[in-house]
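Colleague: Could you bring up the model and take me through its sheet and helices?
Modeller: Certainly; here it is.

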Amino acid sequence: MKIVFSGTQKGERPLIKGLFRTAEKITGQHDLKVAVSFVSSRTIKDLNNRFRNIDRVTDVLSFPSFDLEEGQIVDVNDSNFVADVEEDGTLFLGDIVVCRNVAKAQAEEYGHSLERELCFLCLHGLLHLLGYDHMDSEEESRMIAKQEEILNNYGIVRD
């Protein structure tokens, strides 16, 4: 997986790269590209307000590069995605924006490491870009199960 990073701190890039490689193996999706940005509370609040009409800070936002039908999961082998493949052979899924301040607060609140919270948030964003959602209990169960499978396989377990 190719990842374009913005706003990362020391050690975050290899952490997220490893996590996303694990996600690729488990989901069976390869040749993907995403952008991951770490931003301030103000920036994510502005984005949340502008794109979701929710005027508050949030932990993670995902901005997919294409629309999926309800319940549709990205499959790079699906002919519907051929037109979206870039010249380098990758499929750009979209952008993941994480608020580090909220991640720190949530890590403290939940009693686990910042590393675990950042992995959870980045993976949550990636799964949204792949088509996973939590709008109803069935979708939510499927997404939570996939998150836990990937995090556990990567060695990021709940404390």
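**Sheet and helices**

Modeller: This is a predicted model. Four strands form an open sheet in the order S1-S2-S4-S3, and the pairing is mixed.

Colleague: Which strands stand at the edges?
Modeller: S1 and S3 (60-64) do; each has a single partner strand, so one side of each lacks a neighbour in the sheet. From one strand to the next, the twist averages 15°.

Colleague: And in what sense do S2 and S4 pair?
Modeller: S2 and S4 are parallel, paired over eight bridges. Val 36 lies opposite Ile 96 in S4.

Colleague: What does H2 touch on the sheet?
Modeller: Helix H2 (residues 41-52) packs there against S2, S3 and S4, and its direction makes about 50° with that of S3. H4 also packs on the sheet, touching S2, S3 and S4, with its direction at about 145° to that of S4.

Colleague: Changing topic, how far apart are the end C-alpha atoms of H1?
Modeller: They are 22 Å apart. This agrees with expectation, because 16 residues (12-27) at 1.5 Å a residue should span 22 Å.

Colleague: Which residues of H1 are buried?
Modeller: Among them are Leu 15, Ile 16, Leu 19, Phe 20 and Ala 23, and also the polar-named Glu 12 and Glu 24.

Colleague: What do the buried residues of H1 pack against?
Modeller: Their partners are strands S1 (2-6), S2 (32-39) and S4 (91-99), together with helices H3 (100-110), H4 (114-129) and H5 (137-154).

Colleague: And what comes just after H1?
Modeller: Gly 28 follows, with a positive phi of about 75°.

Key
Residues numbered from 1 in each chain as written. Predicted model: local features only at pLDDT ≥ 70, side-chain atom pairs only at ≥ 80, totals over all residues. Heavy atoms only, no water. Helix = DSSP H or I, 4+ residues; strand = E, 2+ residues; numbered from the N terminus. Expected span 1.5 Å × (residues − 1). Buried < 20%, exposed > 50% of the residue type's maximum accessible area, 1.4 Å probe, protein only. Contact = heavy atoms within 4.5 Å. Pairing = 2+ DSSP bridges. Axes fitted to C-alpha atoms, helices over the stretch in contact; angles between N-to-C directions.
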